[in-house]
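Thanks, everyone. I'll go through the charged pairs, then one histidine, then a patch on the surface.

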Amino acid sequence: MFRILTRALLAVPLLIAPTLVRAQNDVEASRRRLEEIRAERDRLRREQNRLEGQVRDAGAELRNIERQREATNRIVNELERQLRQLGDQLLSSSQQLALAQDNLADRRAILNRRLVEIYKRGPLYAFQVLLTAESFSDLLSRYKYLFLQNRQDRSLVEDIGHLESRIRKQRGDLVSVKEDMDRRREERSSELRSYQSLADDRTAKLNRLNRSRESTQQRVTALERDEQRLLDVLAALERSRRAAGRTTPAPTGPGGSALTTADLGSLEWPVEGRILFQFGRDTLPSGAVIRRNGIGIGAPTGTPVKAVSSGRVALVQRLGTYGLTVVLEHGNGYFSLYMQLASASVTTGATVERGQVIGTVGGDNTEYGSHLYFEIRGENQIALDPADWLRRR
C-alpha cells in the first residue's frame, strides 16, 4: 500500500509538468503576439506619419510649382516686353518701308520724266549740243554738263535699285518680326497652359492625399475604437466566466466538448467562400497598414453561417465597424467571433452545437462587399490565426 501511495505521489509532478510547460509556452506565445501587435501598432502609426508626410511633401511640391508659375509669369512678362519691342520694331520698319516706298516713287517719277525728255530729244541730242558749241571753252562747258547729267541719271537709277533692294529687305524683316511675334505669343500661351495644367494636377493630388489622409485617420481611429470595445467586451465575458467558475460550456451533443488545442486544423469552416484578407498585416486601399485579428471570407449575402464548435452564445450585438456580431464561448478561455452578419438566428445565453446555423452573411456596405469576418480568441483575448484552426481545404 505504501509503495502504491509513493508511486502515486511521484506521478503527480509528471502529470503537472506538461501542464506547466504548456502554460509557460502559452504565456510566452502570448507575450510574443503582444509584442507583434505593439510592433504592428507602431508600424501603423509610422504609416500614418508617412501619409501625413506625403501631404506635406505634396504641399511643398505645390509651393514649388507655384514658384515655377511665378517664374513663368516673369518669363511671360519678359515675352510681353519682347513683343512690345518687336511691335515697336515692326512699327519703325513699317514707317521706314513707307518712306522708302515714297522715296522710290519720287525717284521713279524723276526717272520717268528724264526718260521722256531723253526720248523727246532723240538719240543725237548729245552730238548736236557739242557740235553747236561756239568756242572751245563752250565745248568744254557743254561736255561737262552732259557728263554731270549722265552721272546724275546713273545715280538716279542706282538709287532706285538700292531702294528696291532695301524695300525687299525691309519687307523680309517685317515678315520675320511678325513670325517672331507669333512664336513668342505661342510660346507664352503654351507655357501658361502647361504650368496651369501641372498646377491643377498637383492641386488635385493634394486634395486626394488630404482626403486619403482624413479617411485613413478616420478608419484607423474607428478600428482602434472598435478593437478596444471588442477587447472590453471579451474581457467582461471572461471575467463573468471566471466568476461563475465555468471552464467549459455544457456539452450539447456529440462533439460538444470545450475547444482545445487538439482542435487545431480540424474545425469546419463557418462559411464556404474565397479568402478576402488573411490574419495579420494588411494594407488598406488608402495605403495605411493595419493588423487583422481575423480573416475575411467572401460569400453571397444571406449565406448561412455555422458555428465552428459547440458552445454558449456570449453576445449578440452590433459593434461599430464590425457590424452585427455573434460571440460564442467555447470554454478554456476560447471564443469564436462571427462579424458583418446580416442577421443572427441565436440569442444570448443559448447553447449551440458544432455546425449549427447562427446567422447569415452580410457586409454589403463594406469596401470588400458581402463577407464574413471571423476571429478566434484565446485566453486573455489574444487573437489567434483562424487558418491554424480551420480544416485545410
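The salt-bridge count here comes to six. Keep in mind that this is a predicted model. I'll take some of these pairs in turn.

Start with R107 and D159. Their side chains form a salt bridge, with the closest N and O atoms 3.8 Å apart. What does this pair link? It links distant parts of the chain: R107 belongs to helix α1, which covers residues 2–121, and D159 belongs to helix α3, residues 136–244, with the two positions 52 residues apart in numbering. On exposure, R107 has a relative accessible area of 29%, so it is partly exposed. D159 comes out at 25%, and therefore counts as partly exposed as well.

Next, D263 and R354. This salt bridge is also given as 3.8 Å, N to O. Again the pair links distant parts of the chain, 91 residues apart. D263 sits in the loop between α3 and β1, and R354 in the loop between β9 and β10. Is D263 buried or exposed? At 13% relative accessibility, D263 counts as buried, because the cut-off for buried is under 20%. R354, at 36%, is partly exposed.

The third pair I want to show is E375 with R377. Here the closest N and O atoms of the salt bridge are 2.8 Å apart. As for exposure, both E375 and R377 are buried.

Now the histidine. H330 is in strand β7, which runs over residues 324–331. Its relative accessible area is 0%, so H330 is buried. Which groups does the H330 side chain contact? One is the backbone oxygen of S310, reached at 2.8 Å. Another is the side chain of S336, joined to that of H330 by a polar contact of 2.6 Å. If you are looking at the view on screen, H330 is the residue to centre on, with S310 and S336 as its partners.

Last item, the surface. L124, F127 and L131 make a nonpolar surface patch of about 370 Å². One of these residues, L131, lies in helix α2, residues 125–131. How exposed is L131? Its relative accessibility is 72%, and the cut-off for exposed is over 50%, so L131 counts as exposed.

To recap: R107 and D159 join helix α1 to helix α3, H330 is buried in the model, and L131 is an exposed member of the nonpolar patch. That's what I had; questions are welcome.

Note on methods: Residues are numbered from 1 along each chain as its sequence is written. This is a predicted model: local features need pLDDT of at least 70, side-chain atom pairs count only at pLDDT 80 or more; totals for chains, interfaces and linings use all residues. Side-chain values use heavy atoms; hydrogens and water are left out. Helices (H or I, at least four residues) and strands (E, at least two) are DSSP runs, numbered from the N terminus. Buried means under 20% relative accessible area, exposed over 50%, partly exposed in between (1.4 Å probe, protein chains only). A polar contact is a pair of N or O atoms within 3.5 Å; within protein, one must be able to donate a hydrogen and the other to accept it, and residues adjacent in sequence count only if both atoms are side-chain atoms. A salt bridge is a side-chain nitrogen of Lys or Arg within 4 Å of a carboxyl oxygen of Asp or Glu. Patches are made of residues with over 30% relative accessible area and no salt bridge: like charges are joined within 9 Å, nonpolar side chains (Val, Leu, Ile, Met, Phe, Trp, Tyr) within 5 Å. Accessible areas come from the Shrake-Rupley method with a 1.4 Å probe; for residues, only the protein chains shown count as cover.
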